[in-house]
Amino acid sequence: MSDPWQECMDYCIEVTKRAGKMICEALQKDIAVMHKSSAVDLVTETDQKVEQLIISSIREKYPTHSFIGEESVAAGAPSALSDSPTWIIDPIDGTTNFVHRFPFVSVSIGFTVKKEIEFGIVYSCIEDKMYTARKGKGAFCNGAPIKVSGQEDISKSLVLTEMGFKKDVEQFQTMMANIRNILSIPVHGIRSPGSAAVNMCLVACGSADAYYHMGIHCWDMAGGAAVVREAGGVIMDISGGPFDLMSRRLIVASSRMIAERIAKEITEFHVGRDDTD
Ligand code: IPD
């Protein structure tokens, strides 16, 4: 039986390459920085232009499909996930990196049907690494198969997380305490590359063994979730329960053992949901 979504995936790769080229060209010019919810929530004209390019290109070919895009949501569009084929788009995942020309900047697109992720594409455009994953067909980087490290011993693991300034003092203290708890296990180290999608791909290709985060969004997670799952990784909620794309929280790991240990060490804080807040 033919795969109904393969054509969408092939087209997505083509559009993502164009988006990556646009980002790399913008890096050669001056970057004007604007702010969204706070002084550390950055956005640029390139984020907006790249999202427009992606959505208009896809909408032209698939006019009945739905979209959830980071910048469209920032401009007031809804972010509820329905059963219809839906493209979940982060035009620049790692905007702060982009602004500083720190080299982990990605275009991330996940495609869902009946709320299930069918494929994911993450293009780390400065590194020129195109990660692709189709449900049930494996994960690839620039066409070569990738898989997680398979590490089960957390004391031998490299763990990724992201730390942003939190206005809520209690949340900030919990975030820092979580980092201290993980480091004290001890693990080999903690890293913060600055792009959630790239973080998931680093776990997918075995360069890191786990990644956890509270407070990200479905557009940061959708593309990378497909890649890490297809690379044999485990993906779960921060509580240790099933992963929920709209929950704004996740743990990904090379093995269930490591994911569950991280869930045990982490104290949760309230981050709301993408579909209700
Ligand atoms: C951000 C990145 C970053 C994470 C932030 C996200 P954006 O995405 O994924 O790693 O720490 O929470 O918002 O805003 O650059 O698309």
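## Cysteines and aromatic rings

The sulfur of Cys24 has its closest cysteine sulfur in Cys125, at 4.2 Å, and this is too far for a bond. The model is a predicted one, and a disulfide would require two cysteine sulfur atoms within 2.5 Å, a rule by which the count comes to 0 disulfides. Seen from the other side, the sulfur of Cys125 likewise has Cys24 as its closest cysteine partner, at 4.2 Å. As for their surroundings, Cys24 is partly exposed, with a relative accessible area of 27%, whereas Cys125 counts as buried at 4% relative accessibility.

Turning to the aromatic rings, a search of the whole structure finds 7 aromatic pairs, and the table describes two of them, including their geometry.

| Pair | Centre to centre | Angle between planes | Arrangement |
|---|---|---|---|
| Tyr11 and Tyr62 | 6.2 Å | 70° | edge-to-face |
| Trp87 and Phe111 | 4.8 Å | 65° | edge-to-face |

The pair of Tyr11 and Tyr62 links distant parts of the chain, 51 residues apart, with Tyr11 in helix H1 (residues 6-26) and Tyr62 in the loop between helix H2 (45-61) and strand E3 (66-69). Both Tyr11 and Tyr62 are buried, and Lys61 lies over the face of Tyr11, at 5.1 Å from the ring centre.

The pair of Trp87 and Phe111 also links distant parts of the chain, since Trp87 belongs to strand E4 (residues 86-93) and Phe111 to strand E5 (residues 106-113), 24 residues apart. Trp87 and Phe111 are both buried. These four residues, together with Trp5 and Phe119, form one aromatic cluster.

Technical notes
Residues are numbered from 1 along each chain as its sequence is written. This is a predicted model: local features need pLDDT of at least 70, side-chain atom pairs count only at pLDDT 80 or more; totals for chains, interfaces and linings use all residues. Side-chain values use heavy atoms; hydrogens and water are left out. Rings of Phe, Tyr and Trp (its six-membered ring) pair if their centres lie within 6.5 Å; planes under 30 degrees apart count as stacked, over 60 as edge-to-face and the rest as tilted. Helices (H or I, at least four residues) and strands (E, at least two) are DSSP runs, numbered from the N terminus. Buried means under 20% relative accessible area, exposed over 50%, partly exposed in between (1.4 Å probe, protein chains only). A charge sits over a ring if NZ of Lys or CZ of Arg is within 6 Å of the ring centre and within 35 degrees of the ring normal.
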